[in-house]
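Q: Could you take me through this model and explain the reasoning behind the labels used for it?
A: Gladly; here is the structure to look at while we talk.

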Amino acid sequence: MHLLIPAAGSGRRMGADRNKLLLKLLDKSLLGWTLTAAGASESIIWIGIIGQKADFPDFEAIASQVSLDIPVEFVEGGKTRQESVYNGLQALPPEADRVLIHDGARCLATPALFDRCSQVLRSCPGLIAAVPVKDTIKVVGNYNLIEDTPDRAQLWAAQTPQGFEVQLLKECHEKGRHLGWDVTDDAALFERCDLPVRIVEGEETNLKVTTPVDLRVAEFILRERLAIGQ
Ligand code: C5P
């Protein structure tokens, strides 16, 4: 399975002055942990890391420290995640017919999750890892007034990996660019094109490290894992 890692964001919501994926979590950068998990999965055979050019020297150093035994390529990202993934899709080798896309910021995903998604993607055109929502979710409108309370039994929180047939996803991205769609994940493009996207049970610990609190929670989870030798 080919894997694209969008890693071209900034550290704005983290309050950092650089790409948050370069921040340290114990002895590795966030990106280092993500690459370690992807490299330990049995199904991933190629990784494309999508980043801003200025970060490439750091990314190269991180990739060589993780010492992956599969090819790794670096792709220049765009202004939005959507643009970054678009660029990544253009850089896939021609033999790639299915692809997993995994946010570099979800550095706690396990190798087993990559393998589970790869396995399911053999029998469907699109999937996402997701977990059932625990909170009651409110739709809020003007003046902070609640407009709706959707039925929680139907709500899932989207994670990555997300996986797709490459040709179909490329077509969805092209259509999205043409029609000016602005989405925060790739499944949304598939959905807008009326293509089916299956849910694969994700992991509660697969959080997207976004704020300083997330960084502390991620550190706690990693320490627990290291202590029990996972
Ligand atoms: O900002 P956020 O955490 O939602 O970004 C999700 C993922 O998309 C991150 O791994 C980030 O590096 C990546 N991203 C990107 N290109 C952008 C913005 C975000 O690859 N222009």
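Q: Let's start with Asn-144: why is Asn-144 called exposed?
A: Keep in mind that this is a predicted model. The relative accessible area of Asn-144 is 70%, and exposed means over 50%, so Asn-144 earns the label. Asn-144 sits in the loop that links β8 (139–140) and β9 (146–148).

Q: What makes the phi of Asn-144 worth a remark?
A: Phi of Asn-144 is near 60 degrees, which is a positive value in a residue other than glycine. Leu-26 also has a positive phi without being glycine, with a value near 55 degrees. Leu-26 belongs to the loop between β2 (24–25) and β3 (28–29).

Q: Why is Leu-26 called partly exposed?
A: Its relative accessible area is 25%. Buried would need a value under 20% and exposed one over 50%, so Leu-26 falls in between and is partly exposed.

Q: How do you know whether Asp-69 is buried or exposed?
A: Asp-69 has a relative accessibility of 74%. The cut-off for exposed is over 50%, so Asp-69 counts as exposed. You will find Asp-69 in the loop between α2 and β5. Asp-69 and Trp-46 are 23 residues apart in sequence, and their C-alpha atoms are 9.4 Å apart in space.

Q: Trp-46 brings us to β4, so what makes strand β4 largely enclosed?
A: Six of the six residues of β4 (residues 46–51) are buried, so the rest of the structure largely encloses this strand. Trp-46, Gly-48 and Ile-50 are buried on one side, while Ile-47, Ile-49 and Gly-51 are buried on the other. In a regular strand, side chains alternate between the two faces of the sheet.

Q: How do you know that β4 pairs with β1?
A: At least two bridges are needed for a pair. β1 and β4 have five bridges, so they pass, and the sense is parallel. Within this pairing, Leu-4 has Gly-48 of β4 as its bridge partner.

Q: How do you know that β4 pairs with β5?
A: Here too there are five bridges, in the parallel sense. The requirement is at least two, so β4 and β5 count as a pair. Ile-49 has Phe-74 as its bridge partner in β5. Between these strands the chain passes from β4 through helix α2 (residues 56–66) to β5, making a right-handed β-α-β crossover.

Q: How do you know that β1 pairs with β6?
A: Strands β1 (residues 2–6) and β6 (residues 98–101) are joined by three bridges and run parallel. With at least two required, β1 and β6 are therefore a pair. Leu-4 faces Ile-101 of β6.

Q: What is the order of the strands in the open sheet?
A: The order is β5-β4-β1-β6-β10-β7-β11, seven strands with mixed pairing. Why are β5 and β11 the edges? β5 (72–76) and β11 (198–201) each have a single partner strand, so one side of each lacks a neighbour in the sheet. From one strand to the next, the twist averages 30 degrees.

Q: Which helix packs on the sheet and touches β6 and β10?
A: That is helix α5 (residues 166–179), whose direction makes about 115 degrees with that of β10 (156–165). Strand β10 also holds Pro-161.

Q: What makes the peptide bond from Thr-160 to Pro-161 stand out?
A: This bond is cis, with omega near 10 degrees.

Q: How do you know that Ser-84 makes a polar contact with the ligand?
A: An N or O atom in the side chain of Ser-84 is 2.7 Å from a nitrogen atom of the ligand. The limit is within 3.5 Å, so this is a polar contact. A polar backbone atom of Gly-78 is 3.0 Å from a ligand nitrogen, and for a backbone N or O atom of Thr-80 the distance is 3.4 Å. In total, 16 residues surround the ligand, and the closest are Pro-6, Ala-8, Lys-20, Ser-84 and Lys-208.

Q: Finally, why is Thr-210 called buried?
A: Thr-210 has a relative accessible area of 11%, and buried means under 20%, so the label fits. Thr-210 lies in the loop between β11 and α7 (212–227). Its side chain reaches the backbone oxygen of Lys-208 at 3.0 Å. Beyond neighbours within four places in sequence, Thr-210 is in contact with Arg-13, Met-14 and Lys-20.

Technical notes: Residues numbered from 1 in each chain as written. Predicted model: local features only at pLDDT ≥ 70, side-chain atom pairs only at ≥ 80, totals over all residues. Heavy atoms only, no water. Helix = DSSP H or I, 4+ residues; strand = E, 2+ residues; numbered from the N terminus. Axes fitted to C-alpha atoms, helices over the stretch in contact; angles between N-to-C directions. Contact = heavy atoms within 4.5 Å. Buried < 20%, exposed > 50% of the residue type's maximum accessible area, 1.4 Å probe, protein only. Right-handed = clockwise from strand over helix to strand, strands pointing away. Near = heavy atom within 4 Å. Polar contact = N/O pair within 3.5 Å; in protein donor to acceptor, adjacent residues only side chain to side chain.
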